[in-house]
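Q: I have a model open and I'd like to learn how to read it feature by feature. Can you walk me through it?

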Amino acid sequence: MKVLRYTGILIGLTVVVGILLWILEAFLGSSVGMAAGVAPLIGAAAFEGEFFYKKERRIPEKAEKRAFARMATLVNLVIGAIGYVGLMTVLPELRTSTAMIATAVTSVILLLLVYFVSGFFFGQVAKNKIKVEEKKRAKAAA
C-alpha cells in the first residue's frame, strides 16, 4: 500500500466527482447532495484493493485491512485538517469554540465512516477478483 498513490487517487476522484456533480447540477438542476462525497473513498479503496490483489494474488488478512483503513483514515484526517485551516482563514466564524466543537464531533464521526468503508472495500475488491477468476477457471474447465 502506497500512501502517495492512495492520496493521489483520492484527490483525483474527489475532483472528478466534484466536477461531475457540478455539471449535473448546472445542466439538470438537480443535486445528489453530500452522499456522493463517499464515492471517492470507495473508489480509492477499491483501486488499492485491486493493486493489492494484482501484487499478492490473495484476499488481504484482517490485519492488512485494518492497516489500510488506518492509513486511509490518517490521509483523510490530514486532508480535512488542511482544508479546515484554509476555511478558517476565509471564514473567521469557524474559529469560535462552538464551531470547533461541532467540527470535531462531525470529524470523528466521518473518520469512523472512512475507517470502516475503506477497510471493507479494500478487502471486498480482492474477494470479488478471486470469485471472477474462479468462474473463469470453471468455465475454461467445462
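Q: Is Phe-121 buried, exposed or partly exposed, and why?
A: The idea is to look at relative accessible area: under 20% is buried, over 50% is exposed and in between is partly exposed (1.4 Å probe, protein chains only). Phe-121 comes out at 25%, so it counts as partly exposed. Phe-120 is also partly exposed, because its relative accessible area is 46%.

Q: What should I know about where these values come from?
A: This is a predicted model, where local features need pLDDT of at least 70, side-chain atom pairs count only at pLDDT 80 or more, and totals for chains, interfaces and linings use all residues. Residues are numbered from 1 along each chain as its sequence is written, and side-chain values use heavy atoms, with hydrogens and water left out.

Q: Which element has the lowest mean pLDDT, and which the highest?
A: pLDDT is the predictor's confidence in each residue, from 0 to 100. Helices here are DSSP runs of H or I, at least four residues, numbered from the N terminus. Helix 1 (residues 3-28) is lowest with a mean of 89, and helix 3 is highest with 94. For the protein chain the mean is 90, with 99% of residues at 70 or more.

Q: How many aromatic pairs are there?
A: Rings of Phe, Tyr and Trp (its six-membered ring) pair if their centres lie within 6.5 Å; planes under 30 degrees apart are stacked, over 60 edge-to-face, and the rest tilted. That rule gives 5 aromatic pairs. One of them, Phe-120 with Phe-121, is edge-to-face, at 5.1 Å centre to centre and 90 degrees between the planes. There's also an aromatic cluster made of Tyr-6, Phe-52, Phe-68 and Phe-122.

Q: What does Asn-76 touch, leaving aside its neighbours within four places in sequence?
A: Contact means heavy atoms within 4.5 Å. Asn-76, in helix 3, has Tyr-6, Leu-10, Leu-41, Leu-111 and Val-114 as its contacts beyond those neighbours. Asn-76 is buried, because its relative accessibility is 16%.

Q: Where does the side chain of Ser-118 reach?
A: Ser-118 sits in helix 4 (residues 97-141), and its side chain reaches the backbone oxygen of Val-114 at 2.8 Å. At 0% relative accessibility, Ser-118 counts as buried.

Q: What is the phi of Arg-57?
A: Most residues other than glycine have a negative phi. Arg-57 has a positive one, near 55 degrees, and lies in the loop between helix 2 (39-56) and helix 3 (62-90).

Technical notes
Helices (H or I, at least four residues) and strands (E, at least two) are DSSP runs, numbered from the N terminus. A polar contact is a pair of N or O atoms within 3.5 Å; within protein, one must be able to donate a hydrogen and the other to accept it, and residues adjacent in sequence count only if both atoms are side-chain atoms.
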